[in-house]
Amino acid sequence: FSSFEPSCVQRARRLGECVDEPKFVCDSLPTRSNSTHPRASERAAPCQVWSIGSAGQTCLEETIHNQAPHCDIHVFDPTVSENSHPGIASLVRAGALRFHSWGLGSANRATKFRSYNDVATGGQGQGGTAMELTLFKMMERLEVEWIDYLKIDCERCEFDALPRFVNDSLARWGRVPVTQIQVEIHVYPVTKNTSQTHLRTHSYGRFGISDKLDPGTKRQALS
């Protein structure tokens, strides 16, 4: 790929028929048990699929599990409870995914999160306290060195979290340890989107963009 508007080896394709914004993959998901880590032939680590922000929906994760059953799937969301969403709970019991009540951010700290229902409706419920972690810290805690497919839908946390992750990764590994990133970008006139700039600077290129632009929140799914 070039670092500017690359073409996929095969055409970008949509993952599943999910009710939320569509998600895409370039070429295909890993079908082998090994990761797409550059040194995968030297390692026994399984491929890693990380889904940050779920709203309790599991369509994407179920699709990925069916297409790449050997991949480790991790779901991160402090705004929902595993036990209150049968879909998540059943997939966890089946060993299809692991659920973590951590939120993605630019710092490592305990933070009060509103429930997803309050976030979606503008309500002011009590919510609860959970850990906000940088992506780098999440990888450290789970002892993961490479993510094959990273989906982020966290209601604007991407603005600060992605630049922090790029900087942390370069300091530790000298590169960004992610093969593909699917992120819902919030295009607000008052907010400069530095996350895309950071990724482009380090040889990531866009291969897909959703044709859905929410007129109220200015959201687009970017791959």
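This section describes a three-stranded sheet, the helix packed on it and the aromatic contacts of the structure, as seen in a predicted model.

Strands S6, S8 and S7 are arranged, in that order, as an open sheet with mixed pairing. The edge positions are taken by S6 (102-104) and S7 (109-113); each has a single partner strand, so one side of each lacks a neighbour in the sheet. On average, neighbouring strands are turned by 50 degrees against each other when direction is ignored. Between S6 and S8 (residues 128-133), three bridges define a parallel pairing, and Trp-102 stands opposite Met-131 of S8. Helix H4 packs on this sheet through contacts with S6 and S8, and its direction makes about 140 degrees with that of S6.

Within H4 (residues 135-142), the buried residues are Leu-135, Phe-136, Met-138, Met-139 and Leu-142. These residues lie on the same side of H4, because they cover an arc of only 160 degrees around the axis. Such a pattern can be read against the geometry of an α-helix, in which residues three or four places apart point the same way because there are 3.6 residues a turn. After H4 comes Glu-143, which has a positive phi, near 55 degrees.

Across the whole structure, three aromatic pairs were found. One of them joins Trp-50 and Phe-76 in a tilted arrangement, with 4.9 Å centre to centre and 45 degrees between the planes. Since Trp-50 belongs to strand S3 (residues 48-52) and Phe-76 to strand S4 (residues 72-76), this pair ties together parts that are 26 residues apart in sequence. Both partners are buried: the relative accessible area is 0% for Trp-50 and 1% for Phe-76.

A further pair is formed by Phe-136 and Trp-173, whose ring centres are 5.4 Å apart; their planes stand at 55 degrees, so this pair is also tilted. Phe-136 is located in H4, whereas Trp-173 occupies the loop between helix H5 (158-172) and strand S10 (178-186), and the pair therefore ties together parts that are 37 residues apart in sequence. Phe-136 is buried, with a relative accessible area of 13%, while Trp-173 is partly exposed at 27%.

Trp-102 is a member of one aromatic cluster together with Trp-50 and Phe-76. The ring of Trp-102 also lies beneath a charge, as the charged end of Arg-141 sits over this ring at 5.5 Å from its centre.

Technical notes:
Residues are numbered from 1 along each chain as its sequence is written. This is a predicted model: local features need pLDDT of at least 70, side-chain atom pairs count only at pLDDT 80 or more; totals for chains, interfaces and linings use all residues. Side-chain values use heavy atoms; hydrogens and water are left out. Buried means under 20% relative accessible area, exposed over 50%, partly exposed in between (1.4 Å probe, protein chains only). Helices (H or I, at least four residues) and strands (E, at least two) are DSSP runs, numbered from the N terminus. The arc is that of the directions from the helix axis to the C-beta atoms. Two strands pair if DSSP finds at least two bridges between them. Axes are lines fitted to C-alpha atoms, for helices over the stretch in contact, and angles run from 0 to 180 degrees between N-to-C directions. Contact means heavy atoms within 4.5 Å. Rings of Phe, Tyr and Trp (its six-membered ring) pair if their centres lie within 6.5 Å; planes under 30 degrees apart count as stacked, over 60 as edge-to-face and the rest as tilted. A charge sits over a ring if NZ of Lys or CZ of Arg is within 6 Å of the ring centre and within 35 degrees of the ring normal.
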